There are 2 protein chains.
Amino acid sequence: MAGTNRNFDGIEEGPAVILVEPQLGENIGMVARAMANFGLIDLRLVAPRDGWPNQKAKATASGAGYVLERVRVFETLAEALSDLTYVVATTARQRDGFKRVLGPVEASANMRARTDAGQSVGILFGRERFGLDNAEISLADDIVTFPVNPAYASLNIAQAVLLMAYEFLKTRDGQAETLPFAGPDFAPAPRAELVGMFDQLETALDVRGYFRPPERKPAQVDNLRAVLSRPGFSTEEIRLLRGVISSLDRFSPARPRGEGSPQDDPRRRPAPPSGKKAAGDG
Amino acid sequence: MAGTNRNFDGIEEGPAVILVEPQLGENIGMVARAMANFGLIDLRLVAPRDGWPNQKAKATASGAGYVLERVRVFETLAEALSDLTYVVATTARQRDGFKRVLGPVEASANMRARTDAGQSVGILFGRERFGLDNAEISLADDIVTFPVNPAYASLNIAQAVLLMAYEFLKTRDGQAETLPFAGPDFAPAPRAELVGMFDQLETALDVRGYFRPPERKPAQVDNLRAVLSRPGFSTEEIRLLRGVISSLDRFSPARPRGEGSPQDDPRRRPAPPSGKKAAGDG
């Protein structure tokens, strides 16, 4: 269903996530998990309050420990950004100054264009308590903020990382969403299969006197076919419905299937042409 | 910047969030916060394990208590869904069956179309431990799953609610992202302002012998103008840059501004035509 689904092994050549003076190890662990959810691996910490490594981060990261093992720690933000060509700074507060303010979608598109060109990019996240200061934001190219309810705008740091990583992964295949699995194929069945079902149902109804008075039969058939055409049933769905019709037609509460019912009664129509047993026709 | 930004008071006529047998009060509180972040208010609980109300939910919901106060509790999922016309069920696992599998973007577009038509819709979330069972999913119209790293697909319930609420709010103004604030307007300045800066800079450089040998001056001017044209500077940015040029031109380490410097020296060019002080020209 997705477009040109490039092979995704769970690791993106995606943006670095840079946490400035993170305070709680639990949050670093939750950030690692959010990164792993969307395939990011480059986590950088600037002067974490409680040093590094951090046992609480490790305990919280369950399953995303491989992100923590690669963490790099820097003393200054400038060092953490030194190899990056494009950096966005996340903030929930409006700032004065000359920076563009982007949403996650536009920022992700910018980052994807850079990573596709082989450049390294990064996303800055501030301290839990008060975010990024203006000097830190001045080291970024653009500001990113989230389309939130202005009356309740507080996202925690792991949620902010989650949304950015999610949006970045979504840019992987252009506009398509790269889902881990797809549903069944709902291509409408060839017309002959639909008409086969019409015939089966109309015959079963006809012998029961459903169409009456006789002169109304054409209009009743038209309506029945219209109702059954509109959904655009697939081959599989028609197979299931024919099994349902067959069961209603051939069996009864008094004579259920498998208890000497007249399955070979010559008055009955043959079973659906498909050799497979109809799904759900247990 | 957003399109037809309808008045957003922080409450969306958006989907109901239905949690089936939620186990931990903390998660219910986090769900309330994620809903509040994106303006959803209709939270429904089906047979919460620890009953209702739940003190841990209340403690975790800080600031989003107004969502918890409106919570409705139902004994069965069918009752919780009774007034809804379109329901999606979130799951991380592939299911057999006849349901479409959508991503959050497509599901949100479907829900927005319904809510715009005045219908009520809902999103189903399963238990923390094992999600939704097949009978529960059968009560939904479509399945939603997230475009995650298949190797690390586990989103917690509050994260799943966060992503769905985020995507739904994003559909509010079509494709535009409704950000809580915008950056400055970066419309490029009228050409005359750019040329005014060229003149100022070229004059300042000329008197310093920058252009040499003289026959190379036209090419040097062309290059200088090309570099300064490409960014498409705005009026505000040009005002700042002219202040910078003016400072470099008129003052020196030995004779800084405000210490008897020759501000009125007739050999110097007049100050920029704008009456306003240049930003940053402190």
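This passage describes a sheet, a helix pair and the relation between two chains in a predicted model.

The sheet in chain A is open and holds 7 strands, arranged in the order β3-β2-β1-β6-β4-β7-β5 with parallel pairing. At its edges stand β3 (72–74) and β5 (101–102) of chain A, each with a single partner strand, so one side of each is left without a neighbour in the sheet. As a reminder, strands of a sheet pair through backbone hydrogen bonds, either parallel or antiparallel. One pairing worth a visit in the viewer links strand β1 (residues 16–20) of chain A to strand β2 (residues 43–46) of chain A: the two run parallel and are joined by 4 bridges. Here L19(A) lies opposite L45(A) of β2(A).

Turning to the helices, α8 (residues 191–206) and α9 (residues 217–229) of chain A pack with their axes 11 Å apart, at an angle of about 135°. An angle of this kind is neither under 35 nor over 145 degrees, nor within 65 to 115, and α8(A) and α9(A) are therefore oblique to each other. The crossing of α8(A) past α9(A) is right-handed. On the α8(A) side the contact includes L194(A), M197(A), F198(A) and L201(A), and these residues and others meet a set in α9(A) that includes V221(A), L224(A) and L228(A). By class, the residues of this contact comprise 8 nonpolar, 1 polar and 6 charged.

Finally, chain A can be superposed on chain B by a rotation of 179° with 0.0 Å of shift along its axis, giving an RMSD of 0.2 Å. The two copies are thus related as by a two-fold rotation axis. Both copies use the same surface, with 98% of the contact residues of chain A recurring in chain B.

Key. Residues are numbered from 1 along each chain as its sequence is written. Chains are lettered from A and ligands numbered from 1 in the order in which they are written. This is a predicted model: local features need pLDDT of at least 70, side-chain atom pairs count only at pLDDT 80 or more; totals for chains, interfaces and linings use all residues. Side-chain values use heavy atoms; hydrogens and water are left out. Two strands pair if DSSP finds at least two bridges between them. Copies are superposed by least squares on the C-alpha atoms of residues with pLDDT of at least 70 in both. Contact means heavy atoms within 4.5 Å. Axes are lines fitted to C-alpha atoms, for helices over the stretch in contact, and angles run from 0 to 180 degrees between N-to-C directions. A crossing is left-handed if the near helix is turned anticlockwise from the far one by less than a right angle, and right-handed if clockwise. Ala, Val, Leu, Ile, Met, Phe, Trp, Tyr, Cys and Pro count as nonpolar, Asp, Glu, Lys and Arg as charged, and the others, Gly among them, as polar.
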